[in-house]
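User: I have a structure to go through with you. Please give the reasoning behind each label, and keep it short.

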Amino acid sequence: MDYRSTLKIKETPVKNTSSTCALQLALALALTGCASNPSVQPNTPPPVDTAATPLTQPLEEYQPPVLTGTYSNSPAVQDFIRHMVFEHKFSESYLNNLFAQAKRLDYVIRLENPAPYNGPAPSHPKVGGWTRYRQQFLTEAHINNGAAFWSNNEDSIRKASATYGVDPEYIVAIIGVETFFGRNVGKTRILDALTTLAFDTQRRAGFFKSELENFLLMSREEGYDPLKPVGSWAGAMGLGQFMPSSFRTLAVDFNNDGHRNLWDQCDAIGSVAHYFSRHGWQNTMPVANQTKSYGESTIELSAAKGSEFWRVHPNFKVIKKYNNSDKYAMAVHQLAQAIKQRYMMTVASSR
Ligand SMILES: [Ca+2]
């Protein structure tokens, strides 16, 4: 399932070298999400005080809560609620109450529909796009924090690599590129993000409506309160930034606590490895080699000092299942190699 090939949802990477506060916050939020009440409330009317109810008022007059709030006049949201009731047996009053609390987020609309560029056409095509992209991720902070993340999660990473047949450095690098090892998991409430994208934007509304459906199902299956999970503006969650559909099909409970929790380091590590495995990762096989010229299975990257040519192997395409961009996959590959080298040096020096 290639959700990112149609979904270019990278947030601006954050060069956050500060404390682990953000991670702790994210984990705290995740814990509150896990410990929440069951997500589906029984469709039970409030108790009727028979002593105070005149006999002339039949009980059928009771109406479940109607949709109020931002989306109270949205026929599309009302249709969606009816769909969830009909298809998935959700309680209508529960969903009315839930969507009454959903907020339309203007910044999400702006990010999904960036203003077109109206300036003059550039006199020369811009070169060096790969060099600029690479500089965001191949930093000392990413390499050092990657090696530290690997050391801190040594057992989980070794187990995930062995269980799913995925080279450990690529598990670490994906989490580094996606969320700077969990420090930047996003702060947007997923319910607001997906409701806004599904009902207030056009371009990929169908995709986001499906992800909203998956999000509600995921919340019910995992026992999350759907008002709690936070993530990217596009609805991606946890250290590996899984969309709800990927969460449902590919997330694993890798620490065996009975919950799939992608804000948990161990579950995220297992889930990223599972994602790679299910998309055909070939353990210990090459990813990409630099070559001198363009040829079969070669990509060209625009570097500051001229084009770079890389021969890419099937594993490169597996990384692109995560995000369908050559620059993204190459950044993950090079960061993986750099982290591996740093980690091995650390291990060697500690012996
Ligand atoms: Ca778990």
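Analyst: pLDDT is the predictor's confidence in each residue, from 0 to 100. This is a predicted model. The protein chain averages a pLDDT of 85, and 81% of the residues score at least 70. Residues 1-57 have a pLDDT below 50. That stretch still has 95 contacts in the model beyond near neighbours in sequence.

User: What makes up the protein chain in helices and strands, and how much of it counts as buried?

Analyst: The protein chain has 14 helices and five strands. Of its 351 residues, 49% count as buried. Among contacts with a separation of 6 or more, 75% join residues 24 or more positions apart.

User: How do you know which atoms are donors of the calcium ion?

Analyst: For Ca, the cut-off for a donor N, O or S atom is 3.2 Å. The protein donors lie 2.2 to 2.8 Å from the calcium ion, so they qualify. They are Asp253 (OD), Asn255 (OD1), Asp257 (OD), His259 (O), Asp267 (OD) and Asp267 (OD). Along the chain their spacing is D-x1-N-x1-D-x1-H-x7-D.

User: Why is the site of the calcium ion called irregular?

Analyst: Six donors count as octahedral if opposite donors are over 155 degrees apart and all other angles lie between 65 and 115. The angles among the six donor atoms here run from 50 to 157°. The value of 50° falls outside both ranges, so the site is irregular.

User: Which of aspartate 257 and aspartate 267 is buried, and why?

Analyst: Buried means under 20% relative accessible area, and exposed means over 50%. Aspartate 267 has 0%, so it counts as buried. Aspartate 257 has 45%, between the two limits, so it is partly exposed. Aspartate 267 sits in helix α12 (265-278), and aspartate 257 in the loop between α11 (244-250) and α12.

User: What makes asparagine 256 and glutamine 241 stand out in phi?

Analyst: Most residues other than glycine have a negative phi. Asparagine 256 has a positive phi near 55°, and glutamine 241 has one of about 50°. Asparagine 256 is in the loop between α11 and α12, glutamine 241 in the loop between β2 (230-231) and α11. At 62%, asparagine 256 is over the 50% limit and therefore exposed. At 5%, glutamine 241 is under 20% and therefore buried.

User: How do you know that the buried residues of α5 are on the same side?

Analyst: Trp130, Tyr133 and Phe137 are buried in helix α5 (residues 129-137). They cover an arc of only 70° around the axis, which puts them on the same side of α5. In an α-helix with 3.6 residues a turn, residues three or four places apart point the same way. The buried residues of α5 pack against α6 (140-152), α8 (168-179), β4 (298-303), β5 (306-312) and α14 (326-349).

User: Which residues have the most contacts inside the largest nonpolar core?

Analyst: They are Leu95, Phe99, Leu216, Phe276 and Ile319, in a core of 95 residues. Helix α14 gives the most to this core, with eleven residues. Leucine 216 touches Phe80, Met84, Phe90, Leu95, Leu98, Phe99 and Pro226, leaving out residues up to four places away in sequence.

User: Why is glycine 295 called partly exposed?

Analyst: Its relative accessible area is 35%, which is neither under 20% nor over 50%, so glycine 295 is partly exposed. Glycine 295 lies in the loop between β3 (288-291) and β4.

Note on methods: Residues numbered from 1 in each chain as written. Predicted model: local features only at pLDDT ≥ 70, side-chain atom pairs only at ≥ 80, totals over all residues. Heavy atoms only, no water. Tetrahedral: all angles 85-135°; square planar, octahedral: opposite > 155°, others 65-115°. Helix = DSSP H or I, 4+ residues; strand = E, 2+ residues; numbered from the N terminus. Buried < 20%, exposed > 50% of the residue type's maximum accessible area, 1.4 Å probe, protein only. Arc of directions from axis to C-beta. Contact = heavy atoms within 4.5 Å. Core = buried A, V, L, I, M, F, W, Y, C linked by side-chain atoms within 4.5 Å.
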